[in-house]
There are 2 protein chains.
Amino acid sequence: MGIVVQKYGGSSVATAQHIKAVAERVSRARGSGLDLVVVVSAMGKTTDRLLRLAGEVSRDPSPREIDQLLATGEEQSVALLAMALHAREVPAVSLTGPQAGMTVTGRYGSGVISEIRPERIHRLLGEDQVVIVAGFQGMNSLGDVMTLGRGGSDTTAVALAAAVKAERCEIYTDVDGVYTADPRIVKEAHRIPVISPEEMAEMSWRGAKVMHPRAVELGALYGVEIHVRSSFEEGPGTVITGGNGLEHLETRETLAGIVHDLDVSRVTLNGIRTGPGTLSRVFAPLAERGISVDVIVESGVKEGGADVAFTVRRADFAEARRLASEVSYALGGVVEGEENLGKVSVVGTGMLNRPGYAARMFASLGEAGIPIRMVSTSEIQVTCVLPADRVEEAVRVLHRDFELEERDV
Amino acid sequence: MGIVVQKYGGSSVATAQHIKAVAERVSRARGSGLDLVVVVSAMGKTTDRLLRLAGEVSRDPSPREIDQLLATGEEQSVALLAMALHAREVPAVSLTGPQAGMTVTGRYGSGVISEIRPERIHRLLGEDQVVIVAGFQGMNSLGDVMTLGRGGSDTTAVALAAAVKAERCEIYTDVDGVYTADPRIVKEAHRIPVISPEEMAEMSWRGAKVMHPRAVELGALYGVEIHVRSSFEEGPGTVITGGNGLEHLETRETLAGIVHDLDVSRVTLNGIRTGPGTLSRVFAPLAERGISVDVIVESGVKEGGADVAFTVRRADFAEARRLASEVSYALGGVVEGEENLGKVSVVGTGMLNRPGYAARMFASLGEAGIPIRMVSTSEIQVTCVLPADRVEEAVRVLHRDFELEERDV
């Protein structure tokens with residue numbers, strides 16, 4: 001009998017009623033003859049509430065103690081879900097991350113899974129139990145609990161699916177799949193039935209909130225088929241699969257969709273002297289402060305020095321600008337910045353062998369009179385940085401011009 | 001340098017403000033040069049809230065999952081207290097029961113400590129850390145968390161004090177010590193400066209709520225000196241000590257105090273045929289149902305059979321009466337019961353070598369016209385079961401007649 005891993009996020013287990021609904025769904029899946037491992041996040045706003053408490057007792061709480069504190073959120077959810085399953089006569093056992101054999105390394109608050117020892121999970125499945133595992137956590141080499149940081153529960157689910165050789169990993173969330181664009185912006189947007197992990201990862205990095213790219217990439221690495229579904233309604237959702245099988249050959253599309261992100265700001269160092277190590281001098285101080293840099297553009301060297309531009313989240317703008325100013329000053333340049341930006345990306349493996357997507361994108365935006373501040377491309381995506389107040393319009397224009405609404409699904 | 005174990009109950013850590021106040025107190029104790037192990041309960045009503053959630057998802061939640069759920073309450077408190085200490089520049093590390101080396105056996109929800117491996121605690125103390133341990137929990141042989149049931153946090157503290165050979169165990173609570181009687185009933189009641197563990201255990205079993213008798217008895221067994229103090233104000237509190245030292249010779253009193261309990265009901269089996277095994281037939285079914293029996297009185301065999309009477313909490317009255325009826329019927333007797341009772345006890349090691357305390361107690365109650373329903377005595381206490389509505393009067397009469405208010409403290 002096949003093993004399936006299911007993952008339910010915080011909004012799916014927000015209240016006792018929600019937990020009972022999840023139990024109902026798990027119970028039905030089990031009734032269809034599957035061995036189930038269920039990964040659960042903390043209830044609704046629990047993590048926020050705990051962080052607020054931490055903020056009340058300390059201005060700068062230690063990462064180890066934050067992890068001790070936050071791990072309890074998932075531990076409560078798993079116990080409650082086990083009880084709700086028992087109430088439906090479904091045998092179930094809850095496990096914390098450490099109990100489930102999740103071994104984690106790295107830093108508190110952003111641990112990475114180093115190993116999973118699934119013996120206890122297999123033994124419990126052999127006893128016909130539904131095994132419920134706390135997401136987002138594992139045990140480090142000191143025997144302490146460590147959380148996995150952003151996307152941790154998705155990552156737990158995908159990693160477990162790989163470790164127990166599950167048929168698939170089902171991610172239940174508050175939307176019913178991945179869309180060609182945000183349906184709140186583009187009314188013609190539609191659900192993507194099948195998407196490659198590479199496309200899904202790009203879409204996640206570029207702004208799609210459905211699944212964390214870290215989990216998508218882990219799934220790609222271990223060949224885990226991931227199904228993104230709604231926890232509130234029935235439906236096939238979106239299947240993320242590498243497609244070495246033929247079953248999705250016809251439904252797979254060349255262009256996956258348009259994603260956007262409204263939280264972008266830009267810092268530019270103009271006219272700096274360049275040489276070996278210049279870029280490292282610019283970006284190392286940002287990395288030390290834990291500031292994530294997204295798009296990076298460097299002009300070639302020209303008269304008057306080179307220009308280097310990069311984007312960061314708006315919350316990091318002031319700090320990034322300050323750090324860039326210090327370096328820029330030392331290199332004879334001038335720093336300039338722009339805060340209210342967004343970005344729009346066109347993502348699809350279809351781009352791989354068909355040039356011209358970038359040119360088509362620039363033409364669409366140009367015709368609509370939307371200014372482009374920066375451009376970044378990779379094999380399967382083109383991203384343009386734009387003024388934030390033009391982003392929604394850009395998404396609609398591109399969705400139309402790339403004919404995403406006309407596809408037959 | 002000496003080690004001191006401190007324990008703070010749920011009301012002492014009910015809010016972020018309370019936790020900061022505990023951190024302030026711990027910080028001061030540490031400033032006086034002590035190595036500190038701090039045991040903490042769950043915040044205020046956390047345990048009740050979690051039990052309510054459990055009740056919402058299941059009518060009959062499994063004890064293992066209840067323990068998984070409840071253990072998180074203490075885990076949150078210890079992490080928050082560690083953060084609050086860090087905010088005061090006090091190095092501190094929080095440990096769950098399993099991390100602290102608490103090994104537990106028995107049944108979920110009522111585990112008993114089988115072993116403590118204090119290596120990690122000693123190592124952390126050696127690093128000059130305050131070690132904060134989650135009360136009420138430990139790890140069982142399956143690697144799962146198990147809670148200790150009623151009095152569990154007091155028991156954790158006393159057991160840790162024994163394991164690390166602490167100078168003393170300080171129990172911080174919402175009263176400033178143990179009193180000669182409930183000060184809400186007897187205004188002349190005063191704090192007892194020093195009490196023996198035997199007296200304290202009797203007082204706890206007989207109704208004093210300050211400390212759980214289980215923890216008191218463990219302290220007596222391992223010679224742990226226990227200090228009961230208020231977490232809200234300064235003061236010496238009450239010292240529970242075996243007194244093999246001479247320091248408390250003069251302050252130790254012959255009669256400790258008067259305790260009472262308003263939650264008593266009585267079941268009597270009248271005229272049953274007795275023989276070997278009769279008492280076992282009466283009490284085994286109660287034990288199987290987990291019903292605690294307190295006072296037991298058996299009349300000698302007389303014409304028409306023997307009478308057996310016992311008391312239980314009011315919540316168990318109906319069930320206990322039903323079980324007694326079944327046995328009584330088989331033994332040719334008749335069951336009778338009385339629900340609204342209470343009990344009053346006079347406790348003190350001074351009784352050991354001075355007979356007459358029981359007679360004096362009966363005389364006092366008799367003069368006041370208070371009826372006595374049952375009597376139970378041991379070497380250091382006399383307990384009378386009375387109508388519940390006469391209990392407060394009985395406490396005042398006995399406090400006066402035994403001249404407890406006249407002692408010079």
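Select A162(A) to begin: with 20 C-beta neighbours inside 10 Å, this residue counts as buried, since the cut-off for a buried residue is 20 or more. The model on display is a predicted one. A162(A) belongs to helix α5 of chain A, which covers residues 152-163. Next, display G219(A) as well. The two residues stand 57 apart in sequence, yet their C-alpha atoms are 7.7 Å apart in space. Leaving aside residues up to four places away in sequence, A162(A) touches Y222(A) and V224(A).

**Helix α5 of chain B**

Move to chain B and select residues 152-163, which form α5(B). This helix has 12 residues, and from its first C-alpha to its last it reaches 16 Å, close to the 16 Å expected at 1.5 Å a residue. How many of the residues of α5(B) are buried? The count is 12 of the 12, so the helix is largely enclosed by the rest of the structure. Among the buried residues to colour are G152(B), D154(B), T156(B), L160(B) and A163(B). Just after the helix, select K165(B), where phi is positive at about 55 degrees.

**Helix α7 of chain B**

Now select residues 213-222 of chain B, the helix α7(B). Its buried residues are R214(B), A215(B), V216(B), L218(B) and G219(B). What covers these buried residues? The cover includes the helices α5 (152-163) and α6 (197-205) of chain B, together with the strands β9 (168-173), β11 (226-230) and β12 (238-240) of the chain. Just after α7(B) comes G223(B), with a positive phi of about 65 degrees.

**Two crossing helices in chain A**

Return to chain A and select helix α10 (residues 357-367) with helix α11 (residues 391-401). Two packed helices are described by the angle between their axes and the distance between the axes. Here the axes come within 10 Å and cross at roughly 125 degrees. That angle makes α10(A) oblique to α11(A). The crossing of α10(A) past α11(A) is right-handed. To see the contact, show M361(A), S364(A) and L365(A) on α10(A), and A394(A), V397(A), L398(A) and D401(A) on α11(A). These residues divide into five nonpolar, one polar and one charged.

**Where the chains meet**

Display both chains together and turn to the contact between them. Chain A supplies 29 residues and chain B supplies 29 residues. On the side of chain B that touches chain A, the elements giving two or more residues are α1 (16-31), α2 (46-57) and α3 (63-87) of chain B. Which of the elements gives the most to this side? It is α3(B), with 13 residues. By character, the residues on the side of chain B that touches chain A comprise 14 nonpolar, nine polar and six charged.

**Two glutamates in chain B**

For the last stops, select E89(B) and then E403(B). E89(B) lies in the loop between α3 and β3 (92-95) of chain B. Although E89(B) is not a glycine, its phi is positive, at about 65 degrees. Is E89(B) buried or exposed? With 7 C-beta neighbours inside 10 Å, E89(B) counts as exposed.

E403(B) is found in the segment after α11 (391-401) of chain B. E403(B), not a glycine, has a positive phi of about 55 degrees. E403(B) is exposed, with 9 other C-beta atoms within 10 Å.

Conventions
Residues are numbered from 1 along each chain as its sequence is written. Chains are lettered from A and ligands numbered from 1 in the order in which they are written. This is a predicted model: local features need pLDDT of at least 70, side-chain atom pairs count only at pLDDT 80 or more; totals for chains, interfaces and linings use all residues. Two residues are in contact if their C-beta atoms, placed from the backbone, lie within 7 Å. Helices (H or I, at least four residues) and strands (E, at least two) are DSSP runs, numbered from the N terminus. Ala, Val, Leu, Ile, Met, Phe, Trp, Tyr, Cys and Pro count as nonpolar, Asp, Glu, Lys and Arg as charged, and the others, Gly among them, as polar. Axes are lines fitted to C-alpha atoms, for helices over the stretch in contact, and angles run from 0 to 180 degrees between N-to-C directions. Angles under 35 degrees count as roughly parallel, over 145 as roughly antiparallel, 65 to 115 as roughly perpendicular and the rest as oblique. A crossing is left-handed if the near helix is turned anticlockwise from the far one by less than a right angle, and right-handed if clockwise. The expected span of a helix is 1.5 Å times one less than its number of residues.
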